[in-house]
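Welcome, and thank you for taking a look at this protein chain with us. Please open the sequence and the model side by side, and we will walk through some local features together.

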Amino acid sequence: MRTVVRGPADSGEALLRRMAARRRRDNIVVGVLAVLAVLGGGHAILSVFDSGPPPPSDDSTTAIVGRSQLAGSFAEQFVVTYLTAVAGQQDRVGEFVGSGQQIALPTSARQVSDPSVVYVSRTVSTGSLDVWSVTVSVRVGKPGTGATPENRQFYRVAVSIADGRLRALSVPAVVPAPAKGAELALAYSSPCAADTPLSQVAAGFLGALLAGAGDVARYTTQDAGVTALKPAPFTAVELVALTADNAACGTTGAKAQVLATINPKADTGATATLAYPLTMIRNGGQWQVVSIDPVPALSSPLAVVAGQDSRGGAPTTSTSPPSSSANIPPATQN
């Protein structure tokens, strides 16, 4: 048998105080709900107790990307199959599109090669059903012959996906090639001569990175995490242009973003020009590379340019700020 020990009974005065405090709290809650009801109705009241819709999850994003890839792959197969089908092969086309289509197939197959999905867009999404618009590029004709030069054409297909099952809504349509995208202005407004501090450090860094010409650590901060490519893909690197958001090109300032354009050389000779967006800082009077940036630095606010160099500057052969020698730290930094 359990024995419960109780404290002394509350006095009547203490009980009255607690009841009054509880009544005041209840009145405050009722008042708040009344104000919300006047301002926003019942939805506003319910929103007090609702944490809101959940944010988009990684799972939902992955599912959308997966459906996009499914639609693109299906459309690519459909376009190739449709263009190479001949009279009497309606069953091949029927694997992709319904029988209600009025389809006339040629007596000889076309030669189609190099298919590629160039654009995918979801146009309808309701429940478990998605509809995607897919543009597929193919080369039509005999490749590599002068009499019938390669002809790249673009076909658009509408694809539905329901519970993992795919179907084309109609046969393909020939459409124009996708238009060129907008050219965004970059943040590099100042061309820098070859003997400026930023150019000298960038040239040394890229030579060490790509051609094994020296120690990469001489040109980077300790936390940069950049190592030379091994084996080195090039035998030499020539810096042909450098533009920066630092108007003094490194003679002053503490941080700079630069776009270094190089002409690398391999054992077989010259190769195509490459460009490296870099972030650099002045550390103890010495410029060092912090990172190779994933994208070039964009102007702020973002701007679209047309008919001019997106960097907003002239070639590096034009006049640039007074130069000074770059101070390269010793190889014992790291």
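## A salt-bridge network

Let us begin with Arg-122, which forms a salt bridge with Asp-130; their closest N and O atoms are 3.7 Å apart. Please keep in mind that this is a predicted model. Arg-122 counts as partly exposed, because its relative accessibility is 35%. Asp-130 also takes part in a salt bridge with Arg-67, again with an N to O distance of 3.7 Å. Through these shared partners, Arg-67, Arg-122 and Asp-130 are joined into one network.

Where do Arg-67 and Asp-130 sit along the chain? Arg-67 is in helix H2, residues 58-84, and Asp-130 is in strand E2, residues 129-140. With their positions 63 residues apart, this pair links distant parts of the chain. Are the two side chains buried or exposed? Asp-130 counts as buried, since its relative accessibility is 4% and buried means under 20%. Arg-67, at 32% relative accessibility, counts as partly exposed.

## A salt bridge between two strands

How many salt bridges are there in the model? The count comes to four. One of them pairs Arg-152 with Asp-114, and here the closest N and O atoms are 2.4 Å apart. This pair, too, links distant parts of the chain: Arg-152 belongs to strand E3 (residues 151-162), while Asp-114 belongs to strand E1 (residues 112-126), 38 residues apart.

Both partners can be placed on the accessibility scale. Arg-152 is partly exposed at 27% relative accessibility, and Asp-114 is partly exposed with a relative accessible area of 41%.

## A buried acid without a salt bridge

Side chains of opposite charge can pair when their charged atoms come close. Asp-293 offers a useful contrast: this residue is buried yet has no salt bridge. The nearest side chain of opposite charge is that of Lys-255, 8.4 Å away. A salt bridge needs a distance within 4 Å, so Lys-255 is too far from Asp-293 to count.

What does the side chain of Asp-293 contact instead? A polar contact of 2.8 Å joins it to the side chain of Ser-291. Asp-293 itself is found in the loop between strand E12 (286-292) and strand E13.

## The disulfide and its surroundings

A disulfide is a covalent bond between the sulfur atoms of two cysteines. The structure holds one, and it joins Cys-192 to Cys-249 with an S to S distance of 2.1 Å. The link of Cys-192 and Cys-249 is left-handed, with -90 degrees about the S-S bond. Cys-192 lies in the loop between strand E7 (190-191) and helix H4 (197-211), and Cys-249 lies in the loop between strand E8 (236-244) and strand E9 (255-266). The two are 57 residues apart, so the bond links distant parts of the chain.

Both cysteines are buried; Cys-249 has 0% relative accessibility. Cys-249 also has a positive phi of about 55 degrees although it is not a glycine. The loop between E7 and H4 holds Thr-196 as well, and Thr-196 is buried with a relative accessible area of 0%. A polar atom of the Thr-196 side chain lies 2.7 Å from the backbone oxygen of Ala-193.

## Backbone details in the loops

Which peptide bonds are cis? One of them runs from Lys-230 to Pro-231, with omega near -5 degrees. Pro-231 lies in the loop between H4 and E8. Another cis bond runs from Ser-300 to Pro-301, with omega near 0 degrees, and Pro-301 lies in the loop between E12 and E13.

Asp-163 is not a glycine, yet has a positive phi of about 55 degrees. Asp-163 lies in the loop between E3 and strand E4 (165-168). With a relative accessible area of 58%, Asp-163 is exposed, because exposed means over 50%.

## A nonpolar patch on the surface

To finish, turn to the surface. Leu-184, Leu-298, Leu-302 and Val-304 form a nonpolar patch there, with about 370 Å² of accessible area together. Val-304 is found in strand E13, residues 304-305, and is exposed, with a relative accessible area of 58%.

Terms used
Residues are numbered from 1 along each chain as its sequence is written. This is a predicted model: local features need pLDDT of at least 70, side-chain atom pairs count only at pLDDT 80 or more; totals for chains, interfaces and linings use all residues. Side-chain values use heavy atoms; hydrogens and water are left out. Patches are made of residues with over 30% relative accessible area and no salt bridge: like charges are joined within 9 Å, nonpolar side chains (Val, Leu, Ile, Met, Phe, Trp, Tyr) within 5 Å. Accessible areas come from the Shrake-Rupley method with a 1.4 Å probe; for residues, only the protein chains shown count as cover. Helices (H or I, at least four residues) and strands (E, at least two) are DSSP runs, numbered from the N terminus. Buried means under 20% relative accessible area, exposed over 50%, partly exposed in between (1.4 Å probe, protein chains only). A disulfide is a pair of cysteine sulfur atoms within 2.5 Å. A polar contact is a pair of N or O atoms within 3.5 Å; within protein, one must be able to donate a hydrogen and the other to accept it, and residues adjacent in sequence count only if both atoms are side-chain atoms. Lys and Arg count as positive and Asp and Glu as negative; His and the chain ends are not counted.
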